[in-house]
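Hi,

Here is the structure I promised to pass on. Have a look at it first, and then read my notes underneath.

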Amino acid sequence: MPGTPDGRTGPDGRTGLDRRAVLLGAAGVLLGAAGCSGGGGSASPTAASSTSRAPSTVPTATGSTPSALPHTTLWQPSRADIDPQVKLRAAQLIEALGAWPPGGGGQAKASARATAQGVPGSLAGQAGPLLPDADSAALQVVFAQYGGILTDSASVLVVCDQWTRDGNGPVHAGGTTVDVRLSAASPRWKVTALHPADPGPPAATLPDEAHRVLADRAIQLPPAAHADVLSGNVHVSALKGMLTLAGTYRIDISVVRSGHPIDVFGTDRPSDHPKGRAFDVWRINGRAVVDPGTPRSLIEGFMRAAAAAGSYNVGGPIQLSGGATVNQFFSDNTHHDHVHVGFDT
């Protein structure tokens, strides 16, 4: 379902917030500086998102500095999610921690916001990049994706954009991805830990494929994934896979390397994500994978295109037959909301 023009959030997780209008000016600054398996809603550009470095000033379309933080909306899960309330629980905490009115900065006030959400205030100490030193902040959850979902525990990867401001100064764009861990409880799931993305600093030099990914308007990268590419820690095979798929599809990537569980959730098997050999796609040609209105033929075609692009491990909401190897395609509850594309060479 497409985002609504008044900025409300649709049931497929897309928002009507015109992020391109707010962020486009930052793209030139950044580009110029330039439990998924580990084996076994038109898209609006987000390549302007900040990295782990000091965020960029966000100009308006006319080049002037905006006078206020951008309008944001509360994220809502899809009606088709495996357990919508688990995702909602995680997203609401991130929204509470990462946004505050003037004078609301600092860990003490973040702890109070966490407590108001019914979680231990001490979790604010794990929020890391969600709590930059700023007088005020706005946060938009872009997507909440499962990193893993079991009967008694879950990992929800909350992908977000964030804008901060000091006093009457300029607005700065940033954002991150947080792996929110939860355990089953009544009347609602309990948040037990936060693991924010840690992409690392930008590399001094990058392969040509990394520059091409960062410049490709058919590839939309949220802040942490953008910083992953800039860090130089994304394997060339994954970068080539993105570029190949972008030749046919517009892809919104949710997670690349950081902000993802180190091991395949619920196992001790290393995930391909932290190794920089995998990426997840939550929206294809502007259609959310989790949206029941998205044609199954689009998702199946994309999954087969990912395999043809060299992925040895393609997961999604559809169990496909065929493939170069017996286990090239897989499907489970974790992957009902995105397509996992992994590489082993």
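Below are my notes on helix 2, strand 2, the aromatic pairs and the nonpolar cores.

First, the ground rules. This is a predicted model, in which local features need pLDDT of at least 70 and side-chain atom pairs count only at pLDDT 80 or more, while totals for chains, interfaces and linings use all residues. Residues are numbered from 1 along each chain as its sequence is written, and side-chain values use heavy atoms, with hydrogens and water left out.

Let me start with helix 2. Helices (H or I, at least four residues) and strands (E, at least two) are DSSP runs, numbered from the N terminus. Helix 2 covers residues 84–97 and spans 20 Å from first C-alpha to last, close to the 20 Å expected (1.5 Å times one less than its number of residues). Eleven of its 14 residues are buried, where buried means under 20% relative accessible area, exposed over 50% and partly exposed in between, with a 1.4 Å probe and protein chains only. Among the buried ones are Lys87, Arg89 and Glu95, alongside Val86 and Leu88. The buried residues of helix 2 pack against helix 3 (107–116) and strands 2, 3, 4 and 5, with contact meaning heavy atoms within 4.5 Å. Lys87 also has its charged end over the ring of Tyr146, 5.0 Å from the ring centre; the criterion is NZ of Lys or CZ of Arg within 6 Å of the ring centre and within 35 degrees of the ring normal.

Next, strand 2 (136–149). All of it is covered: 14 of the 14 residues are buried, so strand 2 is largely enclosed by the rest of the structure. Strand 2 runs antiparallel to strand 3, with twelve bridges joining them (two strands pair if DSSP finds at least two bridges between them). The two form a hairpin with three residues in between, and Val141 stands opposite Cys160 of strand 3.

How many aromatic pairs does the structure hold? There are three, counting rings of Phe, Tyr and Trp (its six-membered ring) with centres within 6.5 Å; planes under 30 degrees apart are stacked, over 60 edge-to-face and the rest tilted. Phe143 and Trp282 have ring centres 4.5 Å apart and planes at 15°, so this pair is stacked. Phe143 is in strand 2 and Trp282 in strand 8 (residues 278–284), so the pair ties together parts 139 residues apart in sequence. Phe143 is buried at 2% relative accessibility, and Trp282 is buried at 3%. Tyr249 and Phe302 form an edge-to-face pair, 5.1 Å centre to centre with 80° between the planes.

Finally, the cores. A nonpolar core is a set of buried Ala, Val, Leu, Ile, Met, Phe, Trp, Tyr and Cys residues joined through side-chain atoms within 4.5 Å. The largest has 38 residues, and Ile219, Ile253 and Phe279 have the most contacts inside it. Helix 6 and helix 7 are among the elements that each supply at least two residues of this core. Another core, of 29 residues, lies apart from it and includes Ala90, Leu97, Leu139 and Val191.

One last residue to click on is Leu243, which is found in helix 6 and is buried at 12% relative accessibility. Leaving out residues up to four places away in sequence, Leu243 touches Glu209, Arg212, Val213, Asp216 and Ile219.

Best wishes
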